Amino acid sequence: SNLEIQLYKGISLIETNQFSEADELLQGLSKTNSAYKYMAKWYWALSKLKQDDTKACIKILKEIPEQAEHYKQAQKLLNKLD
């Protein structure tokens, strides 16, 4: 139930190519109102990129707002993908 642990579990699942489980976990986290919401979106987008799902990656990256920690990185990645 610890959201921080869930975030890091999602990242670990991406690293071990367990994408469906990672995507499900990170998507769920991205729908919460927690401090990890936008971080989860960032890693979910990276998961989609690693799966060669560029369209989904771009869609998720566009949902990361300016105040989010990974906003600048998201914008740089969007510029490379568009």
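User: At what angle do helix α3 and helix α5 pack?

Analyst: Start with the spacing: the axes of α3 (residues 37-50) and α5 (residues 71-81) run 11 Å apart. Axes are lines fitted to C-alpha atoms, for helices over the stretch in contact, and angles run from 0 to 180 degrees between N-to-C directions. This is a predicted model, where local features need pLDDT of at least 70, side-chain atom pairs count only at pLDDT 80 or more, and totals for chains, interfaces and linings use all residues. The packing angle of α3 and α5 is about 25°.

User: Is the crossing of α3 and α5 left-handed or right-handed?

Analyst: The two helices (DSSP runs of H or I, at least four residues, numbered from the N terminus) are roughly parallel to each other, which follows from their angle (the cut-off is under 35 degrees). Handedness is read from how the near helix is turned from the far one: anticlockwise by less than a right angle is left-handed, clockwise is right-handed. For α3 and α5 the crossing is left-handed.

User: How many charged residues are in the contact of α3 with α5?

Analyst: From α3 come W42, L46 and L49, and from α5 come Q73, A74, L77 and L81 (contact means heavy atoms within 4.5 Å). The classes are nonpolar (Ala, Val, Leu, Ile, Met, Phe, Trp, Tyr, Cys and Pro), charged (Asp, Glu, Lys and Arg) and polar (the others, Gly among them). The contact holds 6 nonpolar residues and 1 polar; the charged count is no residues.

User: How many salt bridges are there?

Analyst: Side chains of opposite charge can pair when their charged atoms come close. A salt bridge here is a side-chain nitrogen of Lys or Arg within 4 Å of a carboxyl oxygen of Asp or Glu. Residues are numbered from 1 along each chain as its sequence is written, and side-chain values use heavy atoms, leaving out hydrogens and water. The salt bridge count is 4.

User: How far apart in sequence are the parts that K9 and E21 tie together?

Analyst: K9 and E21 form a salt bridge at 3.8 Å, N to O. K9 sits in α1 (residues 3-15) and E21 in α2 (residues 19-30), so the pair joins two helices. Both ends are partly exposed (between 20% and 50% relative accessible area; buried is under 20%, exposed over 50%, with a 1.4 Å probe, protein chains only): K9 at 45% and E21 at 38%. The separation of the joined parts is 12 residues.

User: Are D23 and K48 buried or exposed?

Analyst: These side chains meet in a salt bridge of 3.2 Å, N to O. D23 is in α2 and K48 in α3, so the pair ties parts 25 residues apart in sequence. Relative accessibility is 8% for D23 and 16% for K48, so both count as buried.

User: Which residues are linked in a network of salt bridges with K41?

Analyst: K41 pairs with E63, their closest N and O atoms being 2.7 Å apart. K41 is in α3 and E63 in the loop between α4 (54-61) and α5, so the pair spans 22 residues in sequence. K41 is buried at 9%, while E63 is partly exposed at 32%. The network links K41 with K59 and E63.

User: Which residue in the loop between α3 and α4 has a positive phi?

Analyst: The loop between α1 and α2 holds N17, a non-glycine residue with phi near 60°. N17 is partly exposed at 48%. Between α3 and α4 the positive phi is near 65°. That residue is exposed, at 69% relative accessible area, and is D52.

Methods: Parallel < 35°, antiparallel > 145°, perpendicular 65-115°, else oblique.
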